[in-house]
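User: I am in my first year of study and would like a close look at a single part of this protein model. Please explain the small sheet of strands and its surroundings, and then place that part within the whole chain.

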Amino acid sequence: MTTTIIINDQLRAFVDPLSDIEHDALERSLLAEGCRDALVLWRDVLIDGHNRYEICRRNNIPFRTIHNNNFETIEDVMLWMIDNHLARRSVSDFQRGLLALKKKEIVSARMAQKMADAPPAPDPDDMDPRPPPPWNTREDVAKAARVSSNTISQIERIQKAATPQLVEAVRSGTISINAAANVSQLPEEMQIAAVAGGRKELQQAARQVREQKAANKPKKLGPDGEPVDEKAALKAEIAALKDRMATLLTENEVLKQKLAHAT
């Protein structure tokens, strides 16, 4: 058993906390079967097996370690850990989004540093067009996280404006990403109060924000300059399309009969 294991808080943050049920199940498994999979270290830093390490150390369960020293920097380790977690089914959409955004941040910083360190470019007219850098768009991030671009936008909004209490509520599943993105637009004290009120209060706060946004949204005007009831207009358009479809089907049937008589 390795005597020196270092926990890096930055790396530990990439590991989504286990729920009480998941933690208890893992602990029962380790107590019954031992720690079958080795913990992975980079030098003396733990990079895979944080939950197992905590349980094994607390219960004096023996464990093995292996080293992966193929990384040059802590950023290399971060990218390896991120890719590992993104591939796991048990990771939530919110955590995958956060991980993918972190990967974009690291890759973008590296690209910027590489460009800064590169020699001056020759005449642009003599250069071949270069492909865009990897992880350059929200679509790249969404694809890696296996969520929609809209969900990534909502997670970015939560990152920028949500209180730690609201972030924890999303992480634990108390509130959805979509609802949390709305609640994050409220002042901090209102966010904290909504979280303290539980799931119902959070849902109510999210609904109020959505209703307020809808009320502030400019209304479409019709040809007469009067506000258009969008819901009624949509229903009318659907009805018109159905009528048009029925007419086309009738015309098609008439043409079929004419063709049959002609032959």
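Analyst: The account below begins with the chain as a whole, turns to the strands and their surroundings, and ends with the nonpolar cores and one buried arginine.

The model is predicted. Its chain contains 12 helices and 3 strands. Of the 263 residues, 31% count as buried. The chain exposes about 17700 Å², and carbon and sulfur atoms supply 53% of that area. Among the contacts in the chain with a separation of 6 or more, 68% are between residues 24 or more positions apart.

The strands may be taken up through E1. Strand E1 covers residues 39–42 and strand E2 covers residues 45–48; the two run antiparallel and are joined by 3 bridges. E1 is also joined to E3 by 3 bridges, but here the strands run parallel. E1 is therefore bridged both to E2 and to E3, by the definition that strands pair if at least two bridges are found between them.

Individual residues show how these pairings are made. Leucine 41 has leucine 46 of E2 as its bridge partner, and tryptophan 42 stands opposite valine 45, also in E2. Valine 40, by contrast, stands opposite isoleucine 66 in E3. The hairpin formed by E1 and E2 has 2 residues between the strands, and in it arginine 43 takes a positive phi near 60 degrees.

Which way do the side chains of E1 point, and are they buried or exposed? Leu39 and Leu41 point one way from the strand, whereas Val40 and Trp42 point the other way. All four of these residues are buried.

Helix H3 and the loop that comes after it bring in an aromatic pair. The structure holds 2 aromatic pairs. One of them, tyrosine 53 with phenylalanine 63, is edge-to-face, with 5.8 Å from centre to centre and 85 degrees between the planes. Tyrosine 53 belongs to helix H3 (residues 50–59), while phenylalanine 63 lies in the loop between H3 and strand E3 (65–67), so that the pair links parts of the chain 10 residues apart. Tyrosine 53 counts as buried because its relative accessibility is 10%, and phenylalanine 63 counts as buried because its value is 8%.

The other pair consists of phenylalanine 71 and tryptophan 80, and it is tilted, with 5.8 Å centre to centre and 55 degrees between the planes. Its two members differ in cover: phenylalanine 71, at 11% relative accessibility, counts as buried, whereas tryptophan 80, at 24%, counts as partly exposed.

Two cysteines also deserve attention. Why does a search of the whole structure find 0 disulfides? For cysteine 35, the closest cysteine sulfur is that of cysteine 56, and because the distance is 4.0 Å, it is too far for a bond. The cut-off for a disulfide is 2.5 Å between the sulfur atoms. Both residues are nevertheless buried: cysteine 35 has 11% relative accessibility, and cysteine 56 has a relative accessible area of 1%.

The nonpolar cores supply the wider setting. The largest has 28 residues, and those with the most contacts inside it are Phe94, Ile158, Ile175 and Val183. Several helices each supply at least two residues of this core, including H5 (93–117), H7 (149–161) and H11 (199–216). H9 gives the most, with 5 residues. Isoleucine 175 illustrates the packing: leaving aside its neighbours within four places in sequence, it is in contact with Leu166, Ala169, Val170, Ala180, Val183 and Leu202. Apart from this core lies another, of 19 residues, with Phe14, Val77, Met78 and Val91 among them. In soluble globular proteins, nonpolar side chains tend to be buried together.

One last residue is an arginine. Arginine 96 is located in helix H5, and because its relative accessibility is 6%, it counts as buried. Apart from neighbours within four places in sequence, arginine 96 is in contact with Leu86, Arg88, Arg89, Val91, Ala145, Arg146 and Val147. Histidine 85 is 11 residues from arginine 96 in sequence, and their C-alpha atoms are 7.6 Å apart in space.

Definitions and conventions. Residues are numbered from 1 along each chain as its sequence is written. This is a predicted model: local features need pLDDT of at least 70, side-chain atom pairs count only at pLDDT 80 or more; totals for chains, interfaces and linings use all residues. Side-chain values use heavy atoms; hydrogens and water are left out. A nonpolar core is a set of buried Ala, Val, Leu, Ile, Met, Phe, Trp, Tyr and Cys residues joined through side-chain atoms within 4.5 Å. Buried means under 20% relative accessible area, exposed over 50%, partly exposed in between (1.4 Å probe, protein chains only). Helices (H or I, at least four residues) and strands (E, at least two) are DSSP runs, numbered from the N terminus. Contact means heavy atoms within 4.5 Å. Accessible areas come from the Shrake-Rupley method with a 1.4 Å probe; for residues, only the protein chains shown count as cover. Rings of Phe, Tyr and Trp (its six-membered ring) pair if their centres lie within 6.5 Å; planes under 30 degrees apart count as stacked, over 60 as edge-to-face and the rest as tilted.
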